[in-house]
Amino acid sequence: MTRITVELVPRSEEALISELEMIQQEFPQVMGINIPDLLRFPLRSWDACTCAKRYFETAIPHIRAIDLNPDMPLQMAEQLQQDGITEVLIVTGDPPQDMSRKVYPTTSIDVIRRFKRELPGMKVYAAIDPYRYSLRKEYDYIKRKIDAGADGFFTQPFFDLRFMEIYGEMLEGQQVFWGISPVTTEKSACYWETKNHVVFPAGFEPTLEWNIRFAREVLDFVEQSKANMYFMPIRTDLRAYLHGIFCNS
C-alpha cells in the first residue's frame with residue numbers, strides 16, 4: 001500500500017499544530033509526517049515528531065549525522081522509544097552558519113550503522129539526492145548505505161518523471177519515499193538550479209497549476225510501482241496545494 005507523508009517545517013509548536021490539525025481533518029490521504037531538523041528553529045525534529053504523533057501514527061524525524069558525537073550516547077534515543085517513534089531518516093546535515101555550534105566528522109553511513117546497532121527495532125531511512133553527483137556516483141553511495149543497514153530511502157525532490165523512472169529501475173526492490181516540492185516562482189526555480197543543481201524539464205512552469213499536475217503524475221507513478229511519496233511544500237499554500245492534488249483530480 002502506498003504511504004503518503006508531508007514534510008513540515010517546525011517553525012514553532014503552535015504553527016506545527018495548526019498544520020497538523022488541518023492535514024488530519026481535510027486530507028485523509030496523508031498517512032504521516034516527516035520533519036527536518038533545522039537549526040534556525042528551536043524545535044528539534046524529534047521534539048516536533050512527539051507533537052506530530054498526537055495526530056498521526058507515522059512521524060519520521062530527520063537526524064543530522066554531523067550533530068552526533070560518536071563518543072556520546074544518542075541524545076534522542078530515549079525520547080524516540082518513549083514516544084513510539086519507529087522510523088528515522090538519517091541525513092548528513094549542512095554545517096551551521098554559527099560555527100560556534102559543535103559539529104563532528106560523522107557521516108550518514110556511520111550513523112545508519114549506529115542506529116541499527118543501538119536501536120535494532122528502528123527502521124532507518126537514508127537520503128538520495130539525484131542531482132548531487134553523477135548517476136554512477138550516487139548509485140555507488142546508495143549501495144554503501146544499503147550495506148550499512150539502511151531499510152529504505154527518502155529522495156530529495158524530483159522535478160522530472162522520466163528521471164524518476166530511471167531511479168526507479170535502480171532502486172527496484174527497495175522501499176522508497178519519492179519526494180516532490182512545488183516551485184512556484186522564478187526566484188525559487190533559480191535557487192533550485194544554482195543551489196541544488198536541478199535541471200528542470202522542458203515545459204516546466206513555476207506555477208501552482210504545473211506543480212499540481214506534476215504531483216498527480218508522480219502519484220500515479222508511485223501507486224503503480226507500489227512505492228511511497230512525500231510532499232515538501234516550501235513557501236507554498238499547503239491547503240491549496242494538497243487540495244489541488246487530492247480534491248480536483
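A cavity is a set of grid points where a 1.4 Å probe fits but cannot get out, and a residue lines it if one of its atoms lies within 4 Å of a point. In this predicted model, Asp129, Tyr131, Gln156, Pro157, Trp192 and Asn196 line the largest cavity. The space inside that cavity is about 30 Å³. The structure holds 1 cavity of 30 Å³ or more. By class, the cavity lining has 3 nonpolar residues, 2 polar residues and 1 charged residue.

Open space was examined next. The largest pocket holds about 1900 Å³ of space. Its lining comprises 48 residues. Nearest the centre of this pocket lie Leu38, Arg40, Asp94, Gln156 and Tyr191. Gln156 thus appears in two linings: that of the largest pocket and that of the largest cavity.

Several secondary-structure elements contribute to the wall of the largest pocket. Four strands each supply at least two lining residues: strand 3 (58-64), strand 4 (87-91), strand 5 (123-128) and strand 6 (152-155). Helix 7 (186-195) also supplies at least two. The largest share comes from helix 7, with 5 residues. Tyr191, one of the residues nearest the pocket centre, falls within the 186-195 span of helix 7. In character, the lining of the largest pocket is mixed, with 21 nonpolar, 13 polar and 14 charged residues.

The second largest pocket holds about 180 Å³ of space. It is lined by 15 residues. Gly168, Leu171, Trp178, Ser225 and Ala227 lie nearest the centre of the second largest pocket. Helix 6 (161-170) and strand 7 (175-180) each give at least two residues to this lining. Gly168 is among the central residues and sits within the 161-170 range of helix 6. Trp178, also central, sits within the 175-180 range of strand 7. The lining of the second largest pocket divides into 5 nonpolar, 6 polar and 4 charged residues.

The cysteines were then considered. The structure holds 0 disulfides. Cys49 is in no disulfide, and the nearest cysteine sulfur, that of Cys51, is 9.5 Å away. A disulfide requires two cysteine sulfur atoms within 2.5 Å, so a pair is excluded here. Solvent exposure was also computed for two cysteines. Cys49 counts as buried because its relative accessibility is 0%, and the cut-off for buried is under 20%. Cys247 has a relative accessible area of 39%, so this residue is partly exposed.

Technical notes
Residues numbered from 1 in each chain as written. Predicted model: local features only at pLDDT ≥ 70, side-chain atom pairs only at ≥ 80, totals over all residues. Heavy atoms only, no water. 1 Å grid on protein atoms, 1.4 Å probe; cavity = no way out; pocket = protein on both sides within 12 Å on 5 of 7 lines; lining within 4 Å. Points joined across faces, edges and corners; volume = space filled by probe spheres on them. Nonpolar A, V, L, I, M, F, W, Y, C, P; charged D, E, K, R; others polar. Buried < 20%, exposed > 50% of the residue type's maximum accessible area, 1.4 Å probe, protein only.
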